[in-house]
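Okay, thanks for coming, everyone. I'd like to walk you through a structure that is new to most of you, so let's put it up on the screen.

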Amino acid sequence: MAGNFHTVQCPDCENEQTVFSKAASEVNCVVCGHRLASPTGGKAKIDGDVTETVASR
């Protein structure tokens with residue numbers, strides 16, 4: 001399971017949250033509920049600004 005973890009900034013509330021690049025389920029912002037990542041069968045579609053890559057494999 002190779003993939004990266006990204007710190008994503010929510011476009012609505014500017015909260016930063018860590019998201020796996022190959023998320024298998026929807027990831028919502030814990031503050032406002034905005035969808036940050038949607039599964040696509042491979043790499044997740046990330047809706048927000050990726051501020052940094054936390055860890056890579």
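Before I point at anything, one definition: when I say strand, I mean a DSSP run of E with at least two residues, and strands are numbered from the N terminus. With that in hand, we can place Glu 14, which sits in the loop between strand 1 (4-9) and strand 2 (16-20). I'll come back to Glu 14 in a bit. Also, please keep in mind that this is a predicted model.

Let's start with the whole chain. How many helices and strands does the chain have? There are 0 helices and 6 strands, so reading from the N terminus you simply get β-β-β-β-β-β. The radius of gyration is 10 Å, close to the 10 Å that the globule rule gives for 57 residues, so the chain is as compact as a globular protein of that length. If you box up the C-alpha atoms along the principal axes, you need roughly 30 × 20 × 15 Å.

Now the surface and the inside. The accessible surface of the chain is about 3,700 Å², and carbon and sulfur atoms hold 45% of that. Of the 57 residues, 28% count as buried. As for contacts, take those with a separation of 6 or more: 35% of them come from residues 24 or more positions apart. On the charge side, we have 5 positive and 7 negative side chains, with the centres of the two sets 15 Å apart.

So what's in the middle? In soluble globular proteins, nonpolar side chains tend to be buried together. Here, the largest nonpolar core has 9 residues: Val 8, Cys 10, Val 19, Ala 23, Val 27, Cys 29, Leu 36, Ala 37 and Ala 44.

Take Val 8 from that core. Leaving out residues up to four places away in sequence, Val 8 touches a long list, including Asn 15, Val 19, Leu 36, Ile 46 and Val 50. Let's hop over to that last one. Val 50 belongs to strand 6 (residues 49-56). Is Val 50 buried, exposed or partly exposed? With 44% relative accessibility, Val 50 counts as partly exposed. Beyond four places in sequence, the contacts of Val 50 are His 6, Thr 7 and Val 8. And to Cys 10, which is 40 residues away in sequence, the C-alpha to C-alpha distance from Val 50 is 9.3 Å.

Next, two serines. Ser 21 is in the loop between strand 2 and strand 3 (27-28). Why does Ser 21 count as buried? Buried means under 20% relative accessible area, and Ser 21 has 7% relative accessibility, so it counts as buried. Its contacts beyond four places in sequence are Gly 3, Asn 4, His 6, Lys 43 and Ala 44. The other serine, Ser 38, is in strand 4 (residues 35-38). At 17% relative accessibility, Ser 38 counts as buried too. Again setting aside neighbours within four places, Ser 38 is in contact with Ala 44 and Lys 45. Notice that Ala 44 turns up for Ser 21 and for Ser 38, and that Ala 44 is part of the core we just went through.

Now out to the loops, and back to Glu 14 as promised. Glu 14 is exposed, with a relative accessible area of 57%. What is the phi of Glu 14? It is near 65°, a positive value in a residue other than glycine. For background, most residues other than glycine have a negative phi.

In the loop between strand 3 and strand 4 we find Val 30 and Val 31. Val 30 counts as exposed at 67% relative accessibility, and Val 31 counts as exposed at 57%. Not counting residues up to four places away, Val 31 touches Cys 13 and Asn 15, while Val 30 is in contact with Asn 15 and Gln 17. Between Val 31 and Asn 15, 16 residues apart in sequence, the C-alpha atoms are 7.1 Å apart. Compare that with Val 30 and Gly 3: they are 27 residues apart along the chain, with 22 Å between their C-alpha atoms.

Last stop: Gly 41, in the loop between strand 4 and strand 5 (45-46). Gly 41 counts as exposed, at 86% relative accessibility. Its C-alpha atom is 8.8 Å from that of Ala 23, 18 residues apart along the chain, and Ala 23 is one of the core residues.

That's my tour, so over to you.

Methods. Residues are numbered from 1 along each chain as its sequence is written. This is a predicted model: local features need pLDDT of at least 70, side-chain atom pairs count only at pLDDT 80 or more; totals for chains, interfaces and linings use all residues. Side-chain values use heavy atoms; hydrogens and water are left out. Helices (H or I, at least four residues) and strands (E, at least two) are DSSP runs, numbered from the N terminus. The radius of gyration is taken over C-alpha atoms; the globule rule is 2.2 Å times the number of residues to the power 0.38. Buried means under 20% relative accessible area, exposed over 50%, partly exposed in between (1.4 Å probe, protein chains only). Contact means heavy atoms within 4.5 Å. Accessible areas come from the Shrake-Rupley method with a 1.4 Å probe; for residues, only the protein chains shown count as cover. Lys and Arg count as positive and Asp and Glu as negative; His and the chain ends are not counted. The place of a charge is taken as NZ of Lys, CZ of Arg, CG of Asp or CD of Glu. A nonpolar core is a set of buried Ala, Val, Leu, Ile, Met, Phe, Trp, Tyr and Cys residues joined through side-chain atoms within 4.5 Å.
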